Amino acid sequence: MARFLFAATPAAGHVNPGLPIIRSLTAAGHEVLLTTGPDFAAAAAAAGARFAPLPPDASIDASTLDERYPARARLTGARLIRHDLVHFFTAPAAAQARHVLDLLDREPADALVADTGFVGAGLVAERSGIPLGVYGITVFPYASRDVAPFGSALPPRADLLGRVRNRVLAELLRRFVAGPSVAAMDRQRQLVGLPPAGRTVLDWTERTGLYLQLSPPGFDYPRSDLPAVVHSIGMPEPPTPAGWTPPPWWEELTGRRVVFVTQGTVATDPEQLLRPALAGLAELDVLVVAVTGGADPAGLGALPANARVAPFTPYGPVLRRAAAAVTNGGFGGVQLALGHGLPLVVAGKTEDKAEVAARVAWSGIGLDLRTQRPSSDALRTAVRQVLDSPSYAARAGELAARAPTAEAPVRAAELLETLAATGRPVVRGLAAR
């Protein structure tokens with residue numbers, strides 16, 4: 001049996017997608033040690049893994065970024081991305097690497113597995129030579145001649161003029177958005193005894209021997225130059241937490257057209273999506289199930305007659321009863337809804353949300369409202385459209401069938417077993433099946 005060390009950015013959207021993979025590995029008899037924020041110790045144990053908390057200097061809470069950097073709240077678009085590339089992703093990389101290297105010194109592993117945001121994993125792989133697997137919790141991070149760079153939210157274009165556009169935009173991105181992360185990344189490299197490399201933080205996955213993309217083929221843009229180590233396996237569904245009991249209104253979902261509304265666990269200001277959705281959908285013949293991401297539902301005040309709100313509900317049970325989903329473009333929520341064949345309405349612009357929303361529209365599984373704060377009227381019109389036009393659900397079902405959610409953890413475990421056993425890149429078409 002193999003030993004795996006999982007390292008995850010301490011945020012639900014980064015940790016939770018890896019837990020079903022860990023559970024699949026431990027069920028097969030492998031040993032797994034998970035290191036991430038201390039809040040996830042119980043989740044690690046439930047997945048069968050041992051746990052080692054990240055030290056404070058290796059852990060930045062995404063929900064406190066505006067408090068830590070007050071000027072950040074005024075940033076948008078490329079300036080916000082530039083800030084977070086340096087201060088959220090790059091800043092803890094050396095501390096992360098030192099911590100993981102220390103764990104490996106005490107307990108050698110056959111492979112290191114990290115989420116896309118855990119930049120220190122690339123430094124560990126370069127220092128130690130350990131095989132590195134990454135699970136992708138956002139759209140493809142790899143640059144491509146066929147696709148405009150991350151942050152532009154432009155559709156793909158692979159003809160001659162499109163590739164010129166993509167190359168020019170990529171150079172602008174590297175200079176003015178990702179550029180400041182070059183010096184920041186070189187400082188982190190030097191702190192762990194590596195020479196400067198002159199690369200941006202966006203390039204950290206270059207040493208990856210296996211990239212598990214947690215979305216089905218056909219969701220992301222086609223790329224003629226996609227690295228051969230990328231495998232699109234779909235989003236594993238997190239298990240329903242032990243002890244969870246359905247709320248009193250749960251049986252009302254039976255026999256109704258249910259619309260699920262979520263803002264995830266980070267961008268939880270209800271004025272952005274929850275309130276407009278509750279107001280806009282009040283006039284439709286649907287039952288709205290909304291989650292607040294942990295906030296007290298009482299803060300929403302009086303609810304429409306067709307709305308039911310909870311701080312949290314497991315995605316699987318509610319999505320199996322839903323007819324459509326409304327989200328702010330969080331990658332995990334979108335993929336879980338897609339995994340259940342649901343059409344989507346997406347309204348989000350921060351972090352990676354504009355890119356996710358653009359792919360929802362491009363792939364034909366839903367509508368991109370291209371705003372962070374949609375109106376109630378726009379949401380009502382969009383939800384009515386995806387419910388009344390069968391093509392959206394049909395396309396979502398087609399993509400879901402290409403990489404079933406239920407099969408994703410086992411497929412991930414098989415690929416990681418190959419990585420650990422061979423120590424070599426796991427290439428599409430040659431991986432164990």
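## Rings that pair up

Two rings of Phe, Tyr or Trp (its six-membered ring) count as a pair if their centres lie within 6.5 Å. By that rule, the structure you're looking at, which is a predicted model, holds eight aromatic pairs. To describe a pair of aromatic rings, you give the distance of the centres and the angle of the planes.

Let's start with Y142 and Y211. Their ring centres are 5.4 Å apart and their planes sit at 70 degrees, so this pair is edge-to-face. Where do Y142 and Y211 lie? Y142 is in the loop between β5 (132-136) and α8 (160-177), while Y211 belongs to strand β6 (residues 210-213), so the pair ties together parts that are 69 residues apart in sequence. Y142 counts as buried at 14% relative accessibility, and Y211 is buried too, with a relative accessible area of 0%.

Now take a look at W249 and W250. This aromatic pair is tilted, with 6.1 Å from centre to centre and 35 degrees between the planes. W249 is buried, with a relative accessible area of 12%, and W250 is buried as well, at 5%. There's a third tryptophan to find here: ring pairs link W244, W249 and W250 into a cluster.

## Two helices that cross

Two packed helices are described by the angle between their axes and the distance between the axes. Helix α2 (residues 19-27) and helix α16 (residues 408-422) give you a case to try: their axes come within 8 Å and cross at roughly 65 degrees. The crossing of α2 past α16 is right-handed.

Which residues meet here? On the α2 side they are P20, I21, S24 and L25, and on the α16 side P409, V410, A412, A413 and L416. Sort the residues of this contact by type and you get eight nonpolar, one polar and no charged.

## A strand on the inside

Strand β9 (residues 287-291) has five of its five residues buried, so it is largely enclosed by the rest of the structure. L287, V289 and V291 point one way from the strand, V288 and A290 point the other way, and all are buried.

What does β9 pair with? Strand β8 (residues 258-262) pairs with β9 in the parallel sense over five bridges. Strand β10 (residues 307-310) also pairs with β9 in the parallel sense, over four bridges. V291 is a handy residue to follow: its bridge partner is T262 in one pairing and A310, in β10, in another.

## A glycine and its company

G366 lies in strand β13 (residues 366-368). Is G366 buried or exposed? G366 has a relative accessible area of 4%, and under 20% counts as buried.

Leaving aside neighbours within four places in sequence, G366 is in contact with L344, V360, A361, V386 and Y392. You can also check G366 against A325: they are 41 residues apart in sequence and 9.3 Å apart in space, C-alpha to C-alpha.

## Two residues with positive phi

A153 has a phi near 55 degrees, a positive value in a residue other than glycine. You'll find A153 in the loop between β5 and α8, and it is partly exposed, with a relative accessible area of 27%.

R370 isn't a glycine either, and it has a positive phi of about 55 degrees. R370 is in the loop between β13 and α14 (376-388). At 67% relative accessibility, R370 counts as exposed.

Definitions and conventions:
Residues numbered from 1 in each chain as written. Predicted model: local features only at pLDDT ≥ 70, side-chain atom pairs only at ≥ 80, totals over all residues. Heavy atoms only, no water. Axes fitted to C-alpha atoms, helices over the stretch in contact; angles between N-to-C directions. Left-handed = near helix turned anticlockwise from the far one by under 90°. Contact = heavy atoms within 4.5 Å. Nonpolar A, V, L, I, M, F, W, Y, C, P; charged D, E, K, R; others polar. Buried < 20%, exposed > 50% of the residue type's maximum accessible area, 1.4 Å probe, protein only. Pairing = 2+ DSSP bridges. Phe/Tyr/Trp six-rings, centres within 6.5 Å; stacked < 30°, edge-to-face > 60°.
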